[in-house]
Amino acid sequence: MSSVDAHPTIVYPHYVRALDEEKAQLPSSFPREYSEEFQHILPKLLQRGFHILTKLNNQKGNLSNISKNFVLSHPHIHVVILRRALDGAVIYLAYVGSHVQGPSGFMHGGATAALLDDCVSSAVLLSGPFAMTVQMNVQYRKPVPLNSVVIVEGYVEQTNGRKTVAGGKMYHPDGALYAEATLLFVRPRLVEPKM
Ligand SMILES: CCCCCCCC(=O)SCCNC(=O)CCNC(=O)[C@H](O)C(C)(C)COP(=O)(O)OP(=O)(O)OC[C@H]1O[C@@H](n2cnc3c(N)ncnc32)[C@H](O)[C@@H]1OP(=O)(O)O
């Protein structure tokens, strides 16, 4: 297993299987204190038609390096990525650790924006050709506590030629909204940047 594969961002086939087992075990690298909460939340997301992505790092081209990006390789943000085939919506089930602080005890707004951008970008990139964020409007509704689990949801709203409008939400597992965003993506006219 490579060092990239060892990072908790990678989605785990054995984790899916573990959900069916009475004594489910998360990967040893996963923050223990949130194991139970993840196991509580995941079945609800699966019921909504989301499935855990297991092959993200085997994608070719612009998604081949996805696990090395700023958010997914961050040592204090742990993400399990899910996608719903029906509409291409993506969920990042994420644990936010202590080293992404903005206001004391709460997540930095830039980190919130980065998580939203990343999740929505995944929805856009997994549903269509390569595109880059050119505009992002974030509404911060409630501060996000550090050392907590959040659900980030990204979805494509409309594509018109090279432009795609997409949206995202970050919320507490009980549904309370932390932040929401509207983003504009543009498919580059010329070269596809290597990510
Ligand atoms: C899966 C995890 C992925 C993680 C990645 C997370 C997402 C990111 O962080 S992406 C990185 C941040 N974004 C960037 O660096 C993008 C920087 N911008 C660019 O490089 C260029 O604007 C680029 C390549 C996207 C588009 O350039 P180009 O191909 O020349 O397009 P251009 O002709 O200027 O614009 C195309 C259309 O988009 C519109 N447009 C371009 N930029 C904007 C903008 N900021 N706001 C509104 N409209 C815009 C143009 O007006 C034009 O519209 P129309 O066709 O109606 O005239």
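Two strands count as paired here if DSSP finds at least two bridges between them, and E5 and E6 clear that bar with 9 bridges, running antiparallel. Keep in mind that this is a predicted model. The protein chain has 4 helices and 7 strands, laid out along the sequence as α-α-α-β-β-β-α-β-β-β-β. Of its 195 residues, 32% count as buried. If you look at contacts with a separation of 6 or more, 65% come from residues 24 or more positions apart.

**Strand pairing and hairpins**

- E5 and E6 make a hairpin with 2 residues between them, and glycine 161 in that turn has a positive phi of about 65 degrees.
- Across the E5 and E6 pair, glycine 154 has glycine 168 in E6 as its bridge partner.
- Strand E6, residues 163-171, also pairs with E7, again in the antiparallel sense, over 9 bridges.
- At one spot in that pairing, lysine 163 stands opposite valine 186 in E7.
- E6 and E7 form a hairpin too, this one with 5 residues between the strands; its turn holds glycine 175, with a positive phi of about 105 degrees.
- E7 pairs with E4 as well, antiparallel and over 8 bridges.
- Within the E4 and E7 pair, tyrosine 140 has alanine 179 in E7 as its bridge partner.

**Around the ligand**

- There are 17 residues around the ligand, and Ser121, Met132, Val134, Pro188 and Arg189 come nearest.
- By type, the shell splits into 7 nonpolar, 5 polar and 5 charged residues.
- Helix H4 (109-127), strand E4 (132-140) and strand E7 (177-186) each put at least two residues into the shell.
- H4 has the largest share of the shell, at 5 residues.

**The nonpolar core**

- In soluble globular proteins, nonpolar side chains tend to be buried together.
- In this model the largest nonpolar core has 43 residues, and the members touching the most others are Tyr92, Leu93, Ala94, Val96, Leu115 and Val152.
- Helix H3 (35-47), strand E1 (50-52), strand E2 (77-84), strand E3 (90-96), H4, strand E5 (148-160), E6 and E7 each give two or more residues to this core.
- H4 gives the most to the core, with 8 residues.
- Setting aside neighbours within four places in sequence, alanine 94 is in contact with Ile77, His78, Val79, Leu115, Val150 and Val152.

**A closer look at glutamine 135**

- Glutamine 135 sits in strand E4.
- It counts as exposed because it has 11 C-beta neighbours inside 10 Å, and the cut-off for exposed is 12 or fewer.
- Apart from neighbours within four places in sequence, glutamine 135 is in contact with Leu183 and Leu184.
- Glutamine 135 and valine 186 are 51 residues apart in sequence, yet their C-alpha atoms are 9.3 Å apart in space.

**The annotated span**

- UniProt lists residues 105-177 as "domain: Thioesterase", in an unreviewed entry.
- In the model, that span is 26% helix and 44% strand, and its end C-alpha atoms lie 18 Å apart.

Definitions and conventions: Residues numbered from 1 in each chain as written. Predicted model: local features only at pLDDT ≥ 70, side-chain atom pairs only at ≥ 80, totals over all residues. UniProt positions renumbered as here; feature names shortened; annotations may be inferred. Near = placed C-beta within 6 Å. Nonpolar A, V, L, I, M, F, W, Y, C, P; charged D, E, K, R; others polar. Core = buried A, V, L, I, M, F, W, Y, C linked by C-beta atoms within 7 Å. Buried ≥ 20, exposed ≤ 12 C-beta atoms within 10 Å, placed from the backbone. Contact = placed C-beta atoms within 7 Å.
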